[in-house]
Amino acid sequence: MADAACTISHRVDEYLRGLRNLDLLRFIACGSVDDGKSTLIGRLLYESHLIFEDELATLKVDSARLGTQGGAPDLALLVDGLAAEREQGITIDVAYRFFATDHRKFIVADTPGHEQYVRNMVTGASTADLAIILVDARKGVLTQTRRHSYVVAMLGIRHVVLAVNKLDMVGYSAEVFDRIVRDYRTFAEAIGLAKITCVPTSARYGDNIVTPSTNTPWYQGPPLLRVLETVEVDTTAAARRPFRMPVQMVNRPGSEFRGLCGPVVGGTIRCGDQVCVLPSGHVSRIARVVGCDGDMPGAVAGQSVTVVLADDMDVGRGDVLCAVAAPAIVADQFDATLIWMGEERLLPGRPYRIKIGTRVVDATVTELRHRIDVDKMIRVPATYLELNQIGLCALQADRTIVFDPYLDNRDTGGFIIVDRITNNTVGAGLVRTALAPSRNLHWQALDIDKSARARLNGQRPCVVWLTGLSGAGKSVIANLLEKRLHALGRHTYLLDGDNVRHGLNRDLGFTEAERVENIRRVAEVAALMVDAGLIVLAAFISPFRADRDIARRTVAAGEFCEVFVDTSLAAAEQRDPKGLYRKARRGELLNFTGIDSPYERPTDPDVHIDTSKQSPEEAVDAIVSWLRVHSLLD
């Protein structure tokens, strides 16, 4: 018994050693709904004898209960793991499977085909070397086929296998196969996909999956598995790139050791090599490279190590170690291709958080240059992006970041966009290039600053931002407040929502995107006035929380007071001093807040004015009291 156990253990060790010597191919399977992606992967595993006995037993039980093959094993169930997927017979989440043959190791991602799950497909494709694009032989090349292929090309995947599946449903017709191949190649060449291998398959019956099929004597090419085993993937490309190592953590177990931990995502490094630390630009040498088993002579792309620098300098998480001869780009403005994954629209001017490498910064989309119509392969003017749409944008970060163009290095050129309130990932971005202004514009140092102007005015500058529905009384309260402050000898300026649209914002309408831009401009003007030493009063509907947050962030902490002028919609409509609600109810005024455009109530305003209980004079008293308590008024 012991001898048998030792033999099994020895064989397992040999198998694992063999796996370590095999190169790894990451690939995805994608296509339209019900093209047979999960069945194809399941067939690939099944025919390659890569399914364990307990999995086969479970498969038989699940096939009888949930299968779609009339009692026969439903191989799609091997990768459709979610209950909703099994019940509906579709793929929703990205399913990953590891398997290996004598020639190569594989990690396959089965990605969903529904249009609303393109974001999941992007996740699966982000690390892939090859993509299998499935096409149903009965349907041919569809819109979703083009969309997935475009994403594949955009993400830099250059090896594509076109699997014309369900060929059994068209009598294994060579004519059908050839027509689909011609259609696909014409489209693929237009988007830059050149390395395409086309295979006729029937995942249900195993035709041309692992072995050549007798049903397609007209096809002389290799079966799918052979294509995957032999496709030439440049496994040394990452090592030939310039050295890059994003710092994940500073490891300091004691006073004698200070190591910088992180993955090597490009190039190689050896002890004694010079490196520069970005974005600071400081240069040092590598004193030690430490791995999990101790000191190493160097490291190569794909390894995670701890690096000790020869010089003691300020380096932390988010910094990037780079080759001195070929450093990465440092900028705070850049162009990027965005794939939008959020349920709410992307709007230029809105604040988001982006994570690139190990660095997290706040950023806004300053310009949406165009949206890409994947179906027609044209660029379309756009003011926003919706779920699963792709566009080219200009972004502005609140501080410099370190990056490479995505096509040069996925790890330092790819980023995610995070909603600052919900912390949900709402987009993925691929850096194209730094923008010229980011490299050429610098802040001009001035001798007279905000504090000097404030001393001259004898006051602390700040912004009092009044928000609420139209007709709530914001302008009335703001006007009375300015009179009170003027009587106290304060230097003020009142920015009113209607007034600024006569000049600064006369080019803006009232769509959601234009409202965002309206508040962005006003917030910048308010910040300049605060810098001039003034107390700025701003009376705007400003219906979106994110935009009010932009306004708060344009000035220093403690210099912003949000006043919620709270009035019910019924009361505001009853007042209706300008007749706007009546026009909106008649359909003569579109995108009117409270009627056909939402108002997002402040969740934690600095001052809450209930106009059903407080008069305008009492509202002014409450605001002045808040300013005094927070030392903004003497």
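## Close-up views of a predicted model

**View 1. The largest cavity and the residues around it.** The largest cavity in this predicted model has a volume of about 70 Å³. Counting cavities of 30 Å³ or more gives one. Want to find it on screen? Look for Pro246, Gly318 and Val320, then for Ile356, Gly357, Thr358 and Arg359, and finish with Val402, Asp411 and Thr412: these residues line the largest cavity. What mix of residue types makes up the lining of the largest cavity? It divides into four nonpolar, four polar and two charged residues.

**View 2. The parallel sheet.** Here we're looking at an open sheet of five strands, paired in parallel and ordered E25-E26-E24-E27-E28. Which strands sit at the edges? They are strand E25 (492-496) and strand E28 (607-610), each of which pairs on one side only. Going from one strand to the next, the twist averages 15°. Zoom in on E25 and you'll see five bridges joining it, in parallel, to strand E26 (residues 535-539). A handy pair to pick out is Leu494 with its bridge partner in E26, Leu537.

**View 3. Two helices on that sheet.** Helix H15 (residues 512-531) packs on the sheet, where it touches strand E24 (462-467), E25 and E26. The direction of H15 makes about 150° with that of E24. Helix H19 (residues 616-629) lies across E24, strand E27 (560-566) and E28. Against E28, H19 runs at about 170°. If you're following E24, note that H15 touches it and that H19 lies across it too.

**View 4. Strand E17 and its two partners.** Is strand E17 (residues 329-340) largely enclosed or left open? Ten of its twelve residues are buried, so E17 is largely enclosed by the rest of the structure. As a reminder, strands of a sheet pair through backbone hydrogen bonds, either parallel or antiparallel. E17 pairs with E21 in the antiparallel sense over ten bridges. To trace that pairing, start at Ile339, whose bridge partner in E21 is Ile390. E17 also pairs with strand E23 (residues 425-434), again in the antiparallel sense, over seven bridges. For this second pairing, Asp335 makes a good landmark: it stands opposite Thr433 in E23.

**View 5. Backbone oddities in three loops.** Why give these spots a panel of their own? Because most residues other than glycine have a negative phi, and most peptide bonds are trans.

- *Tyr172.* This residue isn't a glycine, yet its phi is positive, near 55°. Look for Tyr172 in the loop between strand E5 (159-165) and helix H7 (174-190). Tyr172 counts as buried because its relative accessibility is 17%, and the cut-off is under 20%.
- *Asn388.* Here's another non-glycine residue with a positive phi, near 75°. Asn388 is in the loop between strand E20 (378-380) and strand E21 (390-403). Is Asn388 buried or exposed? With a relative accessibility of 10%, it counts as buried.
- *Pro279.* The peptide bond leading from Leu278 into Pro279 is cis, with omega near 15°. You'll find Pro279 in the loop between strand E11 (274-278) and strand E12 (282-291).

Technical notes
Residues numbered from 1 in each chain as written. Predicted model: local features only at pLDDT ≥ 70, side-chain atom pairs only at ≥ 80, totals over all residues. Heavy atoms only, no water. 1 Å grid on protein atoms, 1.4 Å probe; cavity = no way out; pocket = protein on both sides within 12 Å on 5 of 7 lines; lining within 4 Å. Points joined across faces, edges and corners; volume = space filled by probe spheres on them. Nonpolar A, V, L, I, M, F, W, Y, C, P; charged D, E, K, R; others polar. Helix = DSSP H or I, 4+ residues; strand = E, 2+ residues; numbered from the N terminus. Buried < 20%, exposed > 50% of the residue type's maximum accessible area, 1.4 Å probe, protein only. Pairing = 2+ DSSP bridges. Axes fitted to C-alpha atoms, helices over the stretch in contact; angles between N-to-C directions. Contact = heavy atoms within 4.5 Å.
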